[in-house]
Every structure is written in C-alpha cells, then in structure tokens.
Amino acid sequence: MKIIVGSKNPTKVQAVKDVFPNNEVKSLSVPSDVSSQPFSDEETRIGAINRATQCAQSAPGSVGIGLEGGVMYVENQLFLCNWGALVTSTNEIYTASGARILLPKEINDELTSGVELGDIMDRYAKRNGVRHKEGAIGIFTNDLVSRQEMFKHVVLLLRGQREHWEK
Ligand SMILES: O=P(O)(O)OP(=O)(O)OP(=O)(O)OC[C@H]1O[C@@H](n2cnc3c(O)ncnc32)[C@H](O)[C@@H]1O
Ligand SMILES: [Mg+2]
C-alpha cells in the first residue's frame, strides 16, 4: 500500500515516514483549497481533508494523508491548531487533531493583518525556515516538542483509527 502525503514540508513527510516505516511514502504538493492561513478548527480540518483526498485520487489504490496547520480562537485568545486526515482508496475519511498551544498577542496582531504564521515566526524567533523545522510549537515549548513530533502524533491517531475500524 503506497502512502501519499499532500505536502513537501519535511516535518509532515518525515512524520508520516516515522509512523509507516514499512510502506512506500511519497510526497505530492497539492493545494489545501482553504486559505493559506486557516483561522479555525473547521477550516484547518477541511484543508487536511482536501489535501488527503487529492493525494488518494492521484494514484488508484493508494492512501492519502493531509496535514494542515492553522490557528483558532478560544475565548478571544489565539491558539495554534493542527489537523490531519487519512483518506483510503475507497474514500473512507479519518481525521484527528494535534496539540494546541497559546500564541502571544503580538503574533495575533500580525496574523490578523494578513501575514502568514510561518513568516512571522522566522522574524519573531530570529531563525530561518521555522515552518520546515521546529515550528511555532517548537519555539513556544522551548524546543521540547517539534512540529514533526506533533504531526507524528496526529499521524499515529490516523493510523490507529483506521486499523481499529477496518478490523
Ligand atoms: O507546504 P505546506 O504543507 O503548506 O506547509 P506549511 O508550513 O505552509 O504549513 P501549513 O500550510 O499546514 O500551515 C498553515 C500556515 O500556518 C503556518 N504554520 C502552522 N503551523 C506552524 C508552525 O508550527 N510553525 C510555523 N508556521 C506554522 C504555516 O507556515 C502556514 O503559514
Ligand atoms: Mg501552507
């Protein structure tokens, strides 16, 4: 069974390889068909499903996985949110969410003026390519949890649900 991940972002591709070490894992750049910076749980989840569906349809018999990062409000405070989706070759859809952590107010202000989180994070952390490495979650957890590790947990939730329901 071939697995196709809907992104070239190494944190996402490597998370899938970690969870499916015995499968062929390919990456494919597909649009999420939601905003480049999703602003709710719902929008982020739909982005993940859209990516996974396009991957599954790109090669008959394969499984598609979509991973999407976004932000969401909880009682007027902005949190990082993450969603994953796994779509089978018969179009069964499994979804799971990842960790949520609070983002500082100054990031909220820049995001609402239209800048993408990935770009804000590089300036904020004075690092390069944060979205492809530790991620915002790495920066704000003192590098204890990386973006890849967070996505790995999401992919484990996807794999486990599929195994449970297809038994
Ligand atoms: O190439 P793709 O797969 O699109 O990877 P991406 O890094 O753009 O990631 P997403 O589209 O899933 O994330 C949506 C936006 O939120 C940003 N983002 C989400 N989580 C992030 C994180 O942990 N660190 C840095 N940027 C993050 C990301 O850079 C985008 O601007
Ligand atoms: Mg993106």
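This is a selection-by-selection tour of a predicted model.

**Whole chain.** Start with everything shown as a cartoon. The chain has 6 helices and 6 strands, and along the sequence these follow the pattern β-α-β-α-β-β-β-β-α-α-α-α. The radius of gyration is 15 Å, close to the 15 Å that the globule rule gives for 167 residues, so the chain is as compact as a globular protein of that length. Along the principal axes, the C-alpha atoms fill a box of roughly 45 × 25 × 25 Å. Colour by burial next: buried residues account for 42% of the 167 residues. If contacts are drawn between residues at least 6 apart in sequence, 52% of them join residues at least 24 apart.

**Residues 6-157.** Select this range, where UniProt, in an unreviewed entry, places the feature "domain: Non-canonical purine NTP phosphatase/PRRC1". Over residues 6-157 the chain is 40% helix and 22% strand. The C-alpha atoms at the two ends of the range are 17 Å apart.

**Ligand 1.** Centre on the ligand and display the 19 residues around it. Which of them come nearest? They are Ser7, Gly69, Glu116, Gly118 and Gly135. Two or more residues of the shell come from each of β3 (63-74), α4 (117-125) and α5 (135-139). By type, the shell divides into 6 nonpolar, 8 polar and 5 charged residues.

**Helix α1.** Move to residues 10-19 and show side chains. The buried residues in this helix are Thr11, Lys12, Val13, Ala15, Val16 and Val19. An α-helix has 3.6 residues a turn, so residues three or four places apart point the same way. To see what covers the buried residues of α1, add β1 (3-5), β2 (25-27), β3, α5 and α6 (147-165), which are included in the cover.

**The β4-β5 hairpin.** Select residues 77-87 (β4) together with β5; the two strands pair in the antiparallel sense over 5 bridges. Val87 stands opposite Ile93 in β5. The hairpin has 5 residues between its strands, and Asn91 in the turn has a positive phi of about 65°. Now restrict the view to β5, residues 93-97. Tyr94 and Ala96 make up its covered face, while Ile93, Thr95 and Ser97 make up the uncovered one.

**Two loop residues with positive phi.** Most residues other than glycine have a negative phi. Asp33 is not a glycine, yet its phi is positive at about 60°. Find Asp33 in the loop between β2 and α2 (41-58). Is Asp33 buried or exposed? Asp33 counts as exposed because it has 12 C-beta neighbours inside 10 Å, and the cut-off for exposed is 12 or fewer. Then go to Lys126, in the loop between α4 and α5. Phi of Lys126 is near 50°, again a positive value in a residue other than glycine. Lys126 has 7 C-beta neighbours inside 10 Å and therefore counts as exposed.

**Ala59.** Finish in the loop between α2 and β3, the place of Ala59. With 14 C-beta neighbours inside 10 Å, Ala59 counts as partly exposed. Leaving aside neighbours within four places in sequence, Ala59 is in contact with Lys2 and Ile4. For a last distance, pick the C-alpha atoms of Ala59 and Ser89: these residues are 30 apart in sequence and 8.8 Å apart in space.

Conventions
Residues are numbered from 1 along each chain as its sequence is written. Chains are lettered from A and ligands numbered from 1 in the order in which they are written. This is a predicted model: local features need pLDDT of at least 70, side-chain atom pairs count only at pLDDT 80 or more; totals for chains, interfaces and linings use all residues. A residue is near a molecule or strand if its C-beta atom, placed from the backbone, lies within 6 Å of it. Helices (H or I, at least four residues) and strands (E, at least two) are DSSP runs, numbered from the N terminus. Ala, Val, Leu, Ile, Met, Phe, Trp, Tyr, Cys and Pro count as nonpolar, Asp, Glu, Lys and Arg as charged, and the others, Gly among them, as polar. A residue is buried if 20 or more other C-beta atoms lie within 10 Å of its own, exposed if 12 or fewer, and partly exposed in between; C-beta atoms are placed from the backbone. Two residues are in contact if their C-beta atoms, placed from the backbone, lie within 7 Å. The radius of gyration is taken over C-alpha atoms; the globule rule is 2.2 Å times the number of residues to the power 0.38. Two strands pair if DSSP finds at least two bridges between them. UniProt positions are given in the numbering used here, feature names are shortened, and annotations may be inferred rather than shown by experiment.
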